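Please open the model in your viewer with side chains available for display, and follow the selections below in order.

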Amino acid sequence: MSTSQTKTPSMLYEIAAGLPIPLEKRAYFHARVLNSYYQYVLQKFIEEEQANRLTKAELARRIGRKPEVISRLLGAPGNWTLETATDLLLGISAEELTPASVPLLNRAPRNYKHSDWMSFTQLSTNPPTRSDINWKVSITKNPLELRKFSGTGTADSPIIEVTMR
Amino acid sequence: MLLSEEVKALLDGPWDNNDARYRAGRLRADLEDFIKGANLAVCLIPFAAKTAYMGILSPVTAGAWDIRSRDPSPALRVVGFFAEPDVFVGLRWGPRSQRVPWTTKPPLGPRDSREWRDIIVQCQTDWRNLFHTYSPITGDNVNEYFSDQNPFHVV
């Protein structure tokens, strides 16, 4: 097996260098932010629902939507807007969204060093087990070639990079 | 999550145009939800729960799943199998319901379409080529696919 390693440019390369940010990376962050808001609101709803303090029907009544619309909104972020998130959070927990942001650059790198199973001989016959997971995303082309995603974000917000081995 | 070279090519480009470029960026973030510990909406009834993040495909006995990246249009599906609980191997992708100018892949179409059957068969072939006799998880027990280490809810 080759021991050479080629590292692709960081996900944040253009951002760090002050270069025009490619469309695909802006799209990635668009979805990432949208999904984060969705997850935040969804978790709030689940907490209230599990505590028997709220149902989808009651939430629908509170914010003037049909129950099926609430089901759809809580099912996936789809075309959520700030107004959507604001309405839901008001209805779920009587809270409001407040602006916050975190820097992308100069975060402590994540440690996604691969485990021993990441050799082709093992991968070719045995997919990873949960106990092996010290990594997040991998790519296989065939059992003889392995490409591995590693992260460089923070623990709660991974940024994916690709490294090859 | 393990991703095939085919899915990687979509995520990493190069792309023919900005529509493909933008769609790939959005897909990357959607796939990332799987590994971030997001609370995933999963569906064990094929082609039901249109808003679910993941759904098992028909026949359930095959154990194939799709991850649904809906927005923006065209909606895309990444199809694959679970190697272990919480370990999804994404092998193939396709547009869901409409022909997409930037790919030659036909839309998967309605649930009983030839394209759906084909993509599952292709994934099964890919799996055998990668993992030989090691079988993916099959069946309709959600706890076989997702451990209690990661949040999910069945819809």
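Select Phe82(B) to begin: at 0% relative accessibility it counts as buried, where buried means under 20% relative accessible area, exposed over 50% and partly exposed in between, with a 1.4 Å probe and protein chains only. The model is predicted, so local features need pLDDT of at least 70 and side-chain atom pairs count only at pLDDT 80 or more, while totals for chains, interfaces and linings use all residues. Residues are numbered from 1 along each chain as its sequence is written, chains are lettered from A and ligands numbered from 1 in the order in which they are written, and side-chain values use heavy atoms, with hydrogens and water left out.

Add Tyr145(B) next, which is likewise buried, with a relative accessible area of 0%. The structure holds 15 aromatic pairs over all chains, a pair being two rings of Phe, Tyr or Trp (its six-membered ring) with centres within 6.5 Å, stacked if the planes are under 30 degrees apart, edge-to-face if over 60 and tilted otherwise. The ring centres of Phe82(B) and Tyr145(B) are 5.3 Å apart and their planes stand at 70°, so this pair is edge-to-face. Because Phe82(B) lies in strand β5 (residues 76-84) of chain B and Tyr145(B) in helix α4 (residues 142-145) of chain B, the contact ties together parts that are 63 residues apart in sequence; helices (H or I, at least four residues) and strands (E, at least two) are DSSP runs, numbered from the N terminus.

Widen the selection to Phe34(B), Trp65(B), Phe88(B), Phe146(B) and Phe152(B), which form one aromatic cluster together with Phe82(B) and Tyr145(B).

Now show β5(B) as a whole: nine of its nine residues are buried, so the strand is largely enclosed by the rest of the structure. On one side, strand β4 (residues 65-69) of chain B pairs with β5(B) in the antiparallel sense over five bridges, pairing requiring at least two DSSP bridges between the strands, and a hairpin joins β4(B) to β5(B) through six residues. Within that pairing, Trp65(B) stands opposite Gly80(B).

Which residue of β6(B) stands opposite Gly80(B)? Selecting Gly90(B) shows the partner, for β5(B) also pairs in the antiparallel sense with strand β6 (residues 87-95) of chain B, over eight bridges. The hairpin of β5(B) and β6(B) has two residues between the strands, and Asp86(B) takes a positive phi near 75° there.
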